[in-house]
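Student: Could you take one helix of this structure and walk me through its surroundings in detail? I would like to see how it packs, and then how some of the charged side chains elsewhere pair up.

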Amino acid sequence: MTKQFILCALAVLSLFSCGQRNSKQFPSPAKADAIISVFGEDNAALDPVRLCDAVLTTEEGMESAFPDETDSFFEETTPEAEAFYFPAADIKDELLARTVQLRYNYAALFNRVIHSYEWFQRASTGIDDETTTKKDTLEWIRYARPKIPESVIRAALPDAGALAQASKLLKAYNRFDGNDSADSPFSVAVNRYTEALSGLPELVSKEETDRFEERFWNWYDKRNVVPEIDTLVRMNMYEYEGPKPSDGELENLKRAIEAEKDIDRRTVLALEYVKFSKWDGVPLLGEILESRIYTKYLLEAWISWRANAQMYHSPSSFGVIANNYYDKVRTICLDTMVRHCLESEDKNAECLIENLLFCEIIHRMGSIAGNSSFNDCAMLSYNMFIHPRLLENSEDPQNQ
């Protein structure tokens, strides 16, 4: 049933695939002598530049998002209420901010229900049907029920229609008894909730999204920021057999990132570094997210940060998945992007916001190896956000 739970007016994976997702063969590895400047020894002497005093996304912050000990893989330390978006006090009360709040929170409430439902699915899978009672099923559902204060829901959804839909969905889950067949009350409520999304105020028009997709790769091309990017990207692509950077070279790359003042270049380099080193790379991305400095690569940075943070903690479907924590950081990114758009009227950034609003949560059984962070990390290395020129058999005219 999880496949029916799609709240995506502008799906990230389809938007950035550009016909790439079925490609299996990739370019020949870079030559052995292609040692690029970001690995150079001169970087070791660079002084770090702090973007902000990060708290949520530091190593300590990330570790505290997961319980030290728990008997349940449902628990996390971030309350559900903190996963909702309320624009920061300095953001003007304009239509853009109000629309972002409504659309995101509509999806956020849905995601809290799906997170609970998927825990129930995992907890009840593989259990002996002969010994499992109806009471067991109802206790599982009750245990994982969303615990969102009514006051938070009302503040998050200042629209009578959206609030009514939210109330119906929550009531349907409260009455859920394990029956998730297509015509069950729970499935019907889920489908009605997703269908009602089209009735919410629009953030970007189809004309704007079509124009965005058409011009996307010229605008997003990371080679304009990091000339050596293609060599870096290839090093983590599927079937790459060329030379890999040494530990010393990776340390030089880390130093280069920490010293970089240009936010676009810093983000692009951090996005590649985390593919080599999750534990050291996640805080680098986190500092960018918490800095509240806009970059066109912010959406990708949040997706990568979240996937790698979860992978480092646990790729398992039985591990704690800190979706509330990840969404709390997502709201920081929303503030950053909304501020930028209010100052610049950047339609490309508005299209990125629409994507960020509807990025699905990390799904508990979202890959063959466990939760969906495993698949997300693989796609970030193989094709997601990777320019078509690096993917073989693409017919995109911008490959050249």
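**A helix and its neighbours**

Tutor: Happy to! On the α12 side, the contact with α13 is made by K278, W279, V282, L285, G286 and L289, and these meet L298, A301, W302, S304, W305, N308, A309, M311 and Y312 of α13. Sorted by type, the residues of this contact are 11 nonpolar, 3 polar and 1 charged. Please keep in mind that this is a predicted model.

Now for the geometry of the pair. Two packed helices are described by the angle between their axes and the distance between the axes. Helix α12 covers residues 278-291 and helix α13 covers residues 298-313; they pack at an angle of about 145°, and their axes are 9 Å apart. The handedness of the α12 and α13 crossing is left-handed.

Is the length of α12 what one would expect at 1.5 Å a residue? Put as an open question: what span should its 14 residues have at that rise? The expected value is 20 Å, and the end C-alpha atoms of α12 are 20 Å apart, so the two agree.

Next, how is α12 placed in the fold, enclosed or open? With 11 of its 14 residues buried, α12 is largely enclosed by the rest of the structure. The buried set consists of G281, V282, P283, L284, L285, G286, E287, I288, L289, E290 and S291. Several of these names came up a moment ago: V282, L285, G286 and L289 are among the residues of α12 that meet α13. The buried residues of α12 do not rely on α13 alone, though, as they pack against α2 (59-64), α10 (247-259), α11 (263-276), α13 and α14 (323-344).

At its end, α12 is followed by R292, which has a positive phi near 65°. R292 belongs to the loop between α12 and α13, and it is a residue other than glycine with a positive phi. Its relative accessibility is 41%, so R292 counts as partly exposed. E239 offers a parallel case: its phi is positive too, near 70°, and it is likewise a residue other than glycine. E239 sits in the loop between α9 (229-234) and α10, and α10 is one of the helices that the buried residues of α12 pack against. With 42% relative accessibility, E239 counts as partly exposed.

Let me step back to the whole chain for a moment. The protein has 16 helices and 0 strands, and 56% of its 400 residues are buried. Among contacts with a separation of 6 or more, 80% join residues 24 or more positions apart.

That brings me to your charged side chains. Side chains of opposite charge can pair when their charged atoms come close. The structure holds 22 salt bridges, and helix α8 (residues 206-220) is a good place to look at a few of them. D210 and K206 form one, with N to O at 2.8 Å. They are 4 residues apart in α8, which means a separation of about one helical turn. D210, at 36% relative accessibility, counts as partly exposed, whereas K206, at 58%, counts as exposed.

Another pair in α8 is R211 with E207, whose closest N and O atoms are 3.1 Å apart. R211 and E207 are also 4 residues apart in the helix, about one turn. An α-helix has 3.6 residues a turn, so residues three or four places apart point the same way. R211 has 32% relative accessibility and counts as partly exposed, while E207 has 55% and counts as exposed.

What does E208 pair with? Its side chain meets that of K347 in a salt bridge of 3.5 Å, N to O. This pair links distant parts of the chain, with E208 in α8 and K347 in α15 (residues 347-357), 139 residues apart. E208 counts as buried because its relative accessibility is 18%, under the 20% cut-off; K347, at 40%, counts as partly exposed.

Finally, salt bridges can also join up into a group here: D221, R223, D230 and R389 are linked in a network of them.

Key:
Residues numbered from 1 in each chain as written. Heavy atoms only, no water. Axes fitted to C-alpha atoms, helices over the stretch in contact; angles between N-to-C directions. Helix = DSSP H or I, 4+ residues; strand = E, 2+ residues; numbered from the N terminus. Left-handed = near helix turned anticlockwise from the far one by under 90°. Contact = heavy atoms within 4.5 Å. Nonpolar A, V, L, I, M, F, W, Y, C, P; charged D, E, K, R; others polar. Expected span 1.5 Å × (residues − 1). Buried < 20%, exposed > 50% of the residue type's maximum accessible area, 1.4 Å probe, protein only. Salt bridge = Lys/Arg side-chain N within 4 Å of Asp/Glu carboxyl O.
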